[in-house]
Amino acid sequence: KTTSPALAVTGLAKRFGPRTAFADLSFQVDQGEVFGFLGPNGAGKTTTVRTLGTLIAPSEGSATVAGLPLTPENGIEIRKRISLMPESPGLYLRLTVAENLRFFAGLHELTDVKERIDRALRAVNLTDRADDPCRSLSKGLRQRVGLARALLNDPSVLFLDEPTSGLDPVSAREVHELIDGLRRRGVTIFLTTHRLAEAERLCDRVAILNTTLRTIGRPDELRDQLFSKTLGIRTS
Ligand code: ATP
């Protein structure tokens with residue numbers, strides 16, 4: 001018996017008036033896979049994440065997210081099964097780490113809040129910073145609080161929008177290691193990046209987006225393609 005994919009996307013498009021953010025998207029992401037969305041600024045990565053994350057409705061096409069058809073009626077149920085970490089984590093800087101997490105747990109009407117917060121803090125190695133105000137944390141640590149926030153509901157699919165953008169190399173490496181840990185726990189991860197090296201480091205498969213999907217494959221396959229395109233060499 002084959003397991004159902006974590007994400008299945010067919011002919012998905014999002015338009016804002018005359019402007020097309022993305023179009024013709026069709027792909028699947030397996031459960032437990034780390035799937036990268038690679039593309040330049042304005043390619044439509046964030047809009048794709050927002051659409052699959054139920055924040056905005058697609059203009060065309062269909063998708064299944066964490067086992068449920070992406071429809072307005074399924075929004076609440078889908079949001080119980082997924083999490084979305086935006087590029088900037090949106091924390092209350094005057095509140096402590098734990099206070100932020102309590103607030104967001106309450107917003108999502110989660111139960112067993114204390115246990116959830118303890119688990120999320122452990123998952124991002126921030127237990128000892130629970131009582132620090134977020135204002136006092138570095139950008140890298142705030143990003144980890146954002147990740148803890150995204151883990152509160154034990155998502156089966158986690159969307160990470162440019163999770164290391166603007167981080168120094170050490171903080172970026174820490175985030176990479178946390179993503180490795182989530183992968184080992186079987187979380188399906190959909191992440192956007194504009195750095196090929198990051199996609200290679202983290203992802204089982206990568207899609208290259210520039211409004212439409214240009215190619216999709218394992219990072220080593222893509223590197224060969226990109227390389228041959230740059231040099232104008234045909235590999236087939
Ligand atoms: P970046 O790396 O800069 O965040 P991105 O790949 O995430 O880029 P998007 O933010 O998804 O790209 O934007 C894709 C296109 O859709 C852009 O042309 C953008 O201006 C447009 N767009 C996004 N959101 C809206 C909106 N709410 N209204 C109008 N146009 C929008």
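Which handedness does the crossing of H3 and H4 have? We will come to that pair of helices shortly, after a look at the whole chain. Please keep in mind as you read that this is a predicted model.

Let us start with the overall picture. The secondary structure of the protein chain amounts to eight helices and ten strands. Its radius of gyration is 18 Å, close to the 18 Å that the globule rule gives for 236 residues, so the chain is as compact as a globular protein of that length. If you draw a box along the principal axes, the C-alpha atoms fill roughly 55 × 45 × 40 Å. Of the 236 residues, 47% count as buried. The contacts tell you something about how the chain is folded up: among those between residues at least 6 apart in sequence, 65% join residues at least 24 apart.

Now to the helices, and to the opening question. Two packed helices are described by the angle between their axes and the distance between the axes. For H3 and H4, the angle is about 125° and the axes are 10 Å apart. That angle makes H3 oblique to H4. As for handedness, the crossing of H3 and H4 is right-handed. On the H3 side, the contact is made by Val97, Ala98, Leu101, Arg102 and Ala105, while H4 brings Val113, Ile117 and Leu121. Sorted by class, the residues of this contact are seven nonpolar, no polar and one charged.

Helix H3 also packs against H5, this time at an angle of about 30° with the axes 10 Å apart. Because angles under 35 degrees count as roughly parallel, H3 and H5 are roughly parallel to each other. Their crossing is right-handed. If you look for the residues involved, you will find Val97, Leu101 and Phe104 in H3 meeting Val145, Ala148 and Arg149 in H5. Here the classes come to five nonpolar, no polar and one charged. Val97 and Leu101 are worth finding in the view, since H3 uses them in its contact with H4 and in its contact with H5.

From H5 you can move on to H6. Helix H5 covers residues 139-151 and helix H6 covers residues 169-184; their axes come within 9 Å and cross at roughly 20°. H5 and H6 are therefore roughly parallel to each other, and their crossing is right-handed. Gly140, Arg144, Leu147 and Leu151 in H5 meet Ser171, Glu174, Leu178 and Leu182 in H6. This contact has four nonpolar, two polar and two charged residues.

Between the helices and strands there are loops, and two of them hold residues with a backbone angle to notice. Aspartate 112 sits in the loop between helix H3 (97-107) and helix H4 (113-123). Its phi is near 50°, a positive value in a residue other than glycine. Is aspartate 112 buried or exposed? With a relative accessibility of 51%, aspartate 112 counts as exposed. Glutamate 162 is not a glycine either, and has a positive phi of about 45°. You can find glutamate 162 in the loop between strand E7 (157-161) and H6. Unlike aspartate 112, which is exposed, glutamate 162 is buried, with a relative accessible area of 7%.

A third loop residue is threonine 71, which lies between strand E5 (68-69) and helix H2 (75-81). At 28% relative accessibility, threonine 71 counts as partly exposed. Threonine 71 is 13 residues from proline 58 in sequence, and their C-alpha atoms are 9.4 Å apart in space.

Let us finish with two residues that are part of a helix and a strand. Threonine 47 belongs to helix H1 (residues 45-52) and counts as buried at 12% relative accessibility. Which residues does threonine 47 contact, leaving aside its neighbours within four places in sequence? They are Lys14, Phe16, Ala21, Phe22 and Ile56.

Alanine 23 is found in strand E2 (residues 19-29). It is buried as well, with a relative accessible area of 10%. Not counting residues up to four places away in sequence, alanine 23 touches Leu12, Ala13, Arg15, Thr211 and Thr212. Alanine 130, which is 107 residues from alanine 23 along the chain, has its C-alpha atom 42 Å from that of alanine 23.

Notes. Residues are numbered from 1 along each chain as its sequence is written. This is a predicted model: local features need pLDDT of at least 70, side-chain atom pairs count only at pLDDT 80 or more; totals for chains, interfaces and linings use all residues. Side-chain values use heavy atoms; hydrogens and water are left out. Axes are lines fitted to C-alpha atoms, for helices over the stretch in contact, and angles run from 0 to 180 degrees between N-to-C directions. Helices (H or I, at least four residues) and strands (E, at least two) are DSSP runs, numbered from the N terminus. Angles under 35 degrees count as roughly parallel, over 145 as roughly antiparallel, 65 to 115 as roughly perpendicular and the rest as oblique. A crossing is left-handed if the near helix is turned anticlockwise from the far one by less than a right angle, and right-handed if clockwise. Contact means heavy atoms within 4.5 Å. Ala, Val, Leu, Ile, Met, Phe, Trp, Tyr, Cys and Pro count as nonpolar, Asp, Glu, Lys and Arg as charged, and the others, Gly among them, as polar. Buried means under 20% relative accessible area, exposed over 50%, partly exposed in between (1.4 Å probe, protein chains only). The radius of gyration is taken over C-alpha atoms; the globule rule is 2.2 Å times the number of residues to the power 0.38.
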